[in-house]
Amino acid sequence: MPAISQVAYRPFDSRWSEFGKITMDYPRRELLDHVADRDNLCLLAPRQIGTATWRHVLIADCPAESCLISSDTKSQNQVFPLHLATGAENLAPKFRDYVDTTYNHHYTPEEVLGYVYAILNAPAYRSRFSEFLRIDFPRIPFAETKAQFDALSDLGWDLVQAHLLRDVPAATPRLGVYHGKGDHTVEAVRYSPEEQAIWINKSQNFAPVPQAVWDFHIGGYQVLDKYLKSRKGRALSLDETTHIGAVAEVLAFTIDQMARIDEAYLDAFPEQAA
């Protein structure tokens with residue numbers, strides 16, 4: 001693998017990292033060899049959390065920092081690669097047999113991942129199993145019919161693509177557009193609900209950003225607030241100002257997609273309706 005590689009550092013915030021024996025105290029080759037410099041996807045989720053609300057899931061396509069989802073040591077994410085370094089799928093044979101037999105169909109690993117990602121992003125699932133999710137790995141219920149599985153898999157896969165910023169659904173009007181003249185320095189991050197704007201200094205802001213998008217959390221982080229405050233005292237680059245708009249639109253899509261996922265989830269598991 002290259003000595004310098006990108007790492008998923010925080011939600012929608014990648015950083016460059018040096019991988020070497022001199023700078024890394026514990027490189028964890030048993031994971032890195034399956035992920036670094038490979039075309040692979042990793043599901044990120046913790047075994048337990050130290051907060052009241054479970055929203056601790058994300059996807060990554062490069063090595064992930066252990067605090068990507070939360071800096072709370074109890075909520076640090078585990079990494080589940082979709083494929084192994086050999087190219088084989090990272091699905092247990094018994095689990096693969098169960099899925100194939102249940103739906104009389106051989107799903108691709110990506111289709112299975114889409115289903116799992118949908119379940120973990122379903123508000124009704126998070127609410128129904130909130131106490132269990134705080135103390136152990138998520139357990140995935142499986143829909144009774146193939147049609148229900150397919151619906152959730154498709155919704156989850158679309159969310160995977162959005163969270164990887166591979167397919168960013170454009171909002172109308174566009175969200176998080178950069179406004180104002182100045183030196184682009186993040187002096188103090190302030191959100192104005194009246195203006196639906198995120199101000200980074202006295203003259204420059206990102207707008208419109210709806211309140212729900214500004215408030216959106218992944219794990220322990222308020223996504224846009226964390227991204228900007230991590231750059232306090234720095235001048236934003238053109239790539240960063242464009243990136244913030246893309247993230248705002250992804251978060252808006254996520255909010256809407258979670259509602260669609262919830263509808264499909266409750267169709268599959270009506271007994272869990274409130």
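In this predicted model, E65 and R10 form a salt bridge in which the closest N and O atoms are 2.9 Å apart. The contact brings together distant parts of the chain, 55 residues apart: E65 belongs to the loop between β4 (58-60) and β5 (78-81), whereas R10 sits in strand β1 (residues 4-10). The two partners fall on opposite sides of the 20% limit for burial. E65 has 25% relative accessibility and so counts as partly exposed, while R10, at 11%, counts as buried.

This pair is one of 14 salt bridges in the structure. Another joins E89 to R96, with 3.0 Å between the closest N and O atoms. Here too the acidic residue is partly exposed, E89 having a relative accessible area of 25%, and the basic residue is buried, R96 having a relative accessibility of 7%.

Helix α6 offers a more local example. Within this helix, the side chains of D150 and K146 meet in a salt bridge with an N to O distance of 2.8 Å. Because the two residues are four positions apart in helix α6, about one helical turn separates them. D150 is partly exposed at 22% relative accessibility, and K146 is likewise partly exposed, with a relative accessible area of 32%. Beyond such single pairs, D13, R15, R231, R234 and E240 are joined into one network by salt bridges that share partners. As a general point, side chains of opposite charge can pair when their charged atoms come close.

D150 also gives a sense of how the chain extends through space. Its C-alpha lies 46 Å from that of N201, although D150 and N201 are 51 residues apart in sequence.

Helix α6, which spans residues 146-163, also holds D158. What kind of surface patch do E111, D154, D158 and D167 form? The patch is a negative one, made up of these four residues. D158 has a relative accessible area of 42% and is therefore partly exposed; this value is over the 30% that a patch residue needs.

Turning to the aromatic side chains, a search of the whole structure finds 13 aromatic pairs. In one of them, the ring centres of Y115 and F149 are 4.3 Å apart and the planes meet at 5°, so the pair is stacked. Y115 is part of helix α3 (residues 109-120) and F149 is part of helix α6, so their contact ties together parts of the chain that are 34 residues apart in sequence. Both Y115 and F149 are buried.

Y125 and Y265 give an edge-to-face pair, with 6.2 Å from centre to centre and 80° between the planes. This pair, too, links distant parts of the chain: Y125 lies in helix α4 (residues 123-128) and Y265 in helix α9 (residues 238-268), 140 residues apart. Y125 has 1% relative accessibility and so counts as buried, as does Y265 at 0%.

Y115 and F149 also take part in a wider arrangement, in which ring pairs link F95, Y98, Y103, Y107, Y115, F142 and F149 into a cluster. Helix α6 thus recurs in several parts of this description: F149 is placed there, D150 is found there as well, and D158 adds a member of the negative patch.

How values were computed:
Residues numbered from 1 in each chain as written. Predicted model: local features only at pLDDT ≥ 70, side-chain atom pairs only at ≥ 80, totals over all residues. Heavy atoms only, no water. Patch = residues over 30% accessible without salt bridge, like charges linked within 9 Å, V, L, I, M, F, W, Y side chains within 5 Å. Areas by Shrake-Rupley, 256 points an atom, 1.4 Å probe, with all protein chains shown as cover. Lys, Arg positive; Asp, Glu negative; His and termini not counted. Charge placed at Lys NZ, Arg CZ, Asp CG, Glu CD. Buried < 20%, exposed > 50% of the residue type's maximum accessible area, 1.4 Å probe, protein only. Phe/Tyr/Trp six-rings, centres within 6.5 Å; stacked < 30°, edge-to-face > 60°.
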